[in-house]
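Trainee: I would like a close look at one part of this model, beginning with a single side chain and working outwards from there. Could you take me through it slowly, and then follow the packing into the rest of the chain?

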Amino acid sequence: MTSLIMTPSEQTQIDTQLEDRLLGWVKSRSSEAEQLALDATRLLSCTSDRLESISRQGFFKRIWSRLTGASTANERVNINDLIRVQKNSLRYLNMLQEQEMLMAHSMLSLKNNLLALNIQDKETRNIVDLLAEETQKSFEKLENRVDQLEISSNLQGWLLTLEEREYDEKYPTEFMRLFRIINDFYTIKDDNWNYNDLMFMRKAIRSVKIDSRKIITLNFFIDNLIDEIQDNRVGIDLYNFLISELGPQSIENYSLLVVDNISSPVFISMHRLKTQYTDRLDDINELKEELKISTAEALKRLLRRSISQLNVNLNYEFPLADAAIEILGCIRLANRLFLVPDKTNALPKTNASSAEKIVIQPDKSAMINSKIDPHNLTIGTWSVQNKSYYDYFPKNSYTWNTLDVINVFCPDIPRVFDVKYINNLILAFYHTQYDKFYVSLSGDGYIWNHYRLIDDNNKHITYSDIVDRIIFVFNDKLIIYLKSYNNFYYYSFDNYKFFPNIPSSSTEVITTSDGSNFFINKLYPFDDFNIIIATNIKQSIFISNDLIFWQVIHAPFDVIDLTFDGKKIICNGSDEKYYSLDLY
């Protein structure tokens with residue numbers, strides 16, 4: 001592994017890029033940011049000899065996409081790419097640390113996972129150890145902060161009754177009792193834990209006769225989990241219940257989702273054991289017979305082999321209480337990553353490693369104080385600009401307000417004919433062999449929520465109905481413009497139907513300010529300014545905020561592309577010139 005030492009200028013350059021690309025995202029998407037921190041930690045120990053295998057794994061695709069803005073689906077990653085992303089990962093973790101964006105439980109998890117990495121390069125090991133040390137210091141500083149002192153009265157009441165709950169009899173083995181305490185704690189308070197809350201949980205662990213200060217290793221954790229499952233007083237059913245009790249109940253294969261989406265060796269060990277026990281019994285029995293060992297020993301060997309592929313040191317020592325806090329944080333993270341979509345007319349939350357909410361983050365410096373109102377719009381005159389294309393249309397300048405078609409792998413979805421991407425949410429449109437039309441939402445291209453599409457007359461929309469279409473998102477709503485009907489249809493996730501923006505029975509029609517015919521070729525939604533801009537093939541630009549009334553602006557050129565900064569429209573003209581138009 002090549003050292004991750006950076007020159008001051010290189011570090012400054014990476015920091016600037018990360019802050020520009022990720023700072024706003026981290027503030028608005030805390031769960032995904034926490035997931036990315038675990039992914040970034042895991043990536044630091046990856047080596048070139050395992051590059052081909054890791055480049056296909058979910059954690060690598062997430063970190064590659066977020067830190068580089070590219071998809072690995074169409075790229076062959078080499079060792080230089082790996083080093084570049086590892087340096088970005090290291091600075092991302094530093095950014096979270098320096099900007100105080102880590103929650104208390106995340107600090108402990110990050111510290112332990114950094115120290116557990118199996119890193120051979122001494123210089124890199126020193127860099128990672130220093131980051132772990134700084135993280136531990138940040139956690140210890142919380143002890144003296146006033147906002148970290150308050151303890152939930154419900155937690156206090158729970159602790160007072162712990163001895164009366166007789167958990168030592170109901171859960172006679174140590175880790176099953178530990179899981180019960182973690183689940184109880186989470187049920188009482190499932191978020192915003194401060195320093196004293198976490199200290200309180202340590203006390204609760206000691207109250208049920210578990211030494212919270214005991215030093216354990218991943219090897220010890222794995223061996224004891226399996227020994228307890230083999231204990232007649234426990235069994236696999238109780239184990240499965242305790243580790244899945246607080247997961248989203250409507251999500252199938254919860255443990256598989258955990259393994260693919262949460263880069264915590266402790267949490268993965270728990271859930272890999274469940275999937276191994278249910279899905280690999282043949283392998284376990286074969287290994288048992290071949291080596292003449294017990295079922296428990298065969299399970300241990302398989303699980304150790306699986307966890308060692310995370311490139312962690314199975315003999316790294318850490319306090320049992322830290323493991324409990326890491327499990328607590330991972331339960332919280334899983335519940336936020338695997339959310340079941342809300343039934344609203346707005347885009348739902350996806351159950352994949354994705355949005356808690358679709359939050360559009362424009363360039364704040366371009367924001368204006370009021371929304372554009374097309375009914376009362378003062379329009380300036382067109383002026384020619386002499387700057388280069390990239391001054392107006394840099395690579396990522398308007399990914400926050402447009403749907404960019406991307407090539408993404410959509411497993412188990414037949415006949416995908418259109419894929420859209422907005423702010424880390426993937427929308428795949430497909431039809432079945434019976435020509436029925438569906439939309440699926442995902443956060444990572446692997447876990448999907450599927451929705452059937454019918455119109456307001458309960459007719460199932462077919463592919464032929466929407467062959468000439470523009471699909472986009474505006475005001476957090478999924479909308480399709482059907483050119484053949486010259487109307488907009490929004491999708492209701494409440495009753496799975498498309499409704500026309502202007503009902504066929506309504507006297508209201510799409511109108512333009514100059515009475516011209518409304519026919520569009522491209523659409524550009526700008527949610528933060530509450531407007532949508534459209535172009536057609538007749539040198540016209542249309543501006544609206546309700547998809548009904550459209551202000552027409554005539555241009556002395558055909559529009560190839562455009563963007564909007566809240567004050568002026570910038571157009572790439574067919575004459576290879578760039579034009580701007582002020583709006584007031």
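Mentor: Leu 22 counts as buried, because its relative accessibility in this predicted model is 0%, and the residue is found in helix α1. Setting aside residues up to four places away in sequence, Leu 22 touches Arg 66, Leu 67, Tyr 92 and Met 95. One of these partners, Met 95, is 73 residues away from Leu 22 in sequence, yet the two C-alpha atoms are 9.7 Å apart in space.

Two of the other partners lead to helix α4, which spans residues 58–68 and is mostly covered, with eight of its 11 residues buried. The buried residues of α4 are Phe 59, Phe 60, Arg 62, Ile 63, Trp 64, Arg 66, Leu 67 and Thr 68, and among them Arg 66 and Leu 67 are the ones that Leu 22 touches. What covers these buried residues includes α1 (8–28), α2 (30–43), α3 (51–54), α5 (79–98) and α14 (254–261). Within α4 there is also an aromatic grouping to look at, since Phe 59, Phe 60 and Trp 64 form one cluster.

Helix α5, one of the elements that cover α4, also holds Gln 97. Gln 97 has a relative accessible area of 11% and is therefore buried, the cut-off being under 20%. Apart from its neighbours within four places in sequence, Gln 97 is in contact with Leu 102, Leu 131, Glu 134, Thr 135 and Ser 138.

From there we can turn to a pair of helices. Helix α6 (residues 104–116) and helix α18 (residues 320–337) pack at an angle of about 115°, their axes lying 9 Å apart, and the crossing is left-handed. On the α6 side the residues are His 105, Leu 108, Ser 109, Lys 111, Asn 112 and Asn 113, and they meet Asp 322, Ile 325, Glu 326, Gly 329 and Arg 332 in α18. Sorted by class, this contact has two nonpolar, five polar and four charged residues.

The aromatic side chains give another view, for the structure holds 16 aromatic pairs. In one of them, Phe 175 and Phe 221, the ring centres are 5.1 Å apart and the planes stand at 90°, so the pair is edge-to-face. This pair links distant parts of the chain, with Phe 175 in helix α10 and Phe 221 in helix α12 (residues 218–230), 46 residues apart, and both residues are buried. A further pair, Phe 179 with Tyr 239, is tilted, with 6.3 Å from centre to centre and 55° between the planes. Here too distant parts of the chain are linked, Phe 179 being in helix α10 and Tyr 239 in helix α13 (residues 235–244), 60 residues apart. Phe 179 is buried with a relative accessible area of 2%, and Tyr 239 counts as buried at 0%.

Finally, following the chain on from α10 brings us to Asn 194, whose place is in the loop between α10 (174–188) and α11 (195–207). Asn 194 is buried as well, with a relative accessible area of 7%, and a polar atom of its side chain lies 2.8 Å from the backbone nitrogen of Asp 197.

Methods:
Residues are numbered from 1 along each chain as its sequence is written. This is a predicted model: local features need pLDDT of at least 70, side-chain atom pairs count only at pLDDT 80 or more; totals for chains, interfaces and linings use all residues. Side-chain values use heavy atoms; hydrogens and water are left out. Helices (H or I, at least four residues) and strands (E, at least two) are DSSP runs, numbered from the N terminus. Buried means under 20% relative accessible area, exposed over 50%, partly exposed in between (1.4 Å probe, protein chains only). A polar contact is a pair of N or O atoms within 3.5 Å; within protein, one must be able to donate a hydrogen and the other to accept it, and residues adjacent in sequence count only if both atoms are side-chain atoms. Axes are lines fitted to C-alpha atoms, for helices over the stretch in contact, and angles run from 0 to 180 degrees between N-to-C directions. A crossing is left-handed if the near helix is turned anticlockwise from the far one by less than a right angle, and right-handed if clockwise. Contact means heavy atoms within 4.5 Å. Ala, Val, Leu, Ile, Met, Phe, Trp, Tyr, Cys and Pro count as nonpolar, Asp, Glu, Lys and Arg as charged, and the others, Gly among them, as polar. Rings of Phe, Tyr and Trp (its six-membered ring) pair if their centres lie within 6.5 Å; planes under 30 degrees apart count as stacked, over 60 as edge-to-face and the rest as tilted.
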